Amino acid sequence: MQKLFSTSEQQTESIAERLAQTLKGTEVIALFGGMGVGKTAFARGLARGLGVTDGVSSPTFALVHEYEGKYRLYHFDMYRISSYDDLYSTGFFDYQDTGILLIEWSENIEPYLPEDRITIMLRRISDNEREITIEGAVIP
């Protein structure tokens, strides 16, 4: 387990950008953390690290956004998903092994996530500081 600290949105993005450099293209990255802790900032940094030039935003209403870069990136938002049937209806399982799956609100689907995932826990320490805990990968 690796623990990092961020004092700005830009620093959170930079941490994610560094993680992107270690990826092989089919990872599942599960983001955990409450509202406003930096999950979408993390997604922006990861996408930038993969060479994505499109703007990255939370897929709250679309459920998934797809981006092309070094690898295909699928950015999921599971905020409104609360059951296996809900998850299945999103087509989530069809995306596995076709690119990198980056999942916001992973706590809502945790029983259905693969064991070999990368887990990122974001926790608010203060208005400007976040603790970022990483399991399943090491950020250089």
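**A seven-stranded sheet, its helices and a pocket**

Strands S2 and S6 pair in the parallel sense, over four bridges; two strands count as paired if DSSP finds at least two bridges between them. Helices (H or I, at least four residues) and strands (E, at least two) are DSSP runs numbered from the N terminus. This is a predicted model, in which local features need pLDDT of at least 70 and side-chain atom pairs count only at pLDDT 80 or more, whereas totals for chains, interfaces and linings use all residues. Residues are numbered from 1 along each chain as its sequence is written, and side-chain values use heavy atoms, with hydrogens and water left out.

Within the pairing of S2 and S6, Ile29 has Ile118 of S6 as its bridge partner. Both strands belong to an open sheet of seven strands with mixed pairing, in the order S1-S7-S6-S2-S5-S4-S3. S1 (2–6) and S3 (64–68) are the edge strands, each pairing on one side only. On average, neighbouring strands of this sheet are turned by 20 degrees against each other, direction ignored. Axes here are lines fitted to C-alpha atoms, for helices over the stretch in contact, and angles run from 0 to 180 degrees between N-to-C directions.

Two helices pack on this sheet. H1 touches S1, S2, S6 and S7, and its direction makes about 145 degrees with that of S1. H2 touches S2, S4, S5, S6 and S7, and the direction of H2 makes about 165 degrees with that of S5. Contact means heavy atoms within 4.5 Å.

H2 is largely enclosed by the rest of the structure, because eight of its eleven residues are buried (under 20% relative accessible area, 1.4 Å probe, protein chains only). Among these buried residues are Lys39, Phe42 and Leu46. The buried residues of H2 pack against H1 as well as S2, S4, S5, S6 and S7. Gly51, which follows H2, has a positive phi, near 85 degrees.

H2 also gives the most to the lining of the largest pocket, with three residues. A pocket is an open set of points on a 1 Å grid over the protein atoms alone, where a 1.4 Å probe fits, with protein on both sides within 12 Å along at least five of seven lines; lining residues have an atom within 4 Å of a point. The largest pocket holds about 330 Å³ of space, a volume being the space filled by probe spheres set on the points. Of its 24 lining residues, Gly36, Val37, Gly38, Lys39 and Thr40 lie nearest the centre.

Notes. Buried < 20%, exposed > 50% of the residue type's maximum accessible area, 1.4 Å probe, protein only.
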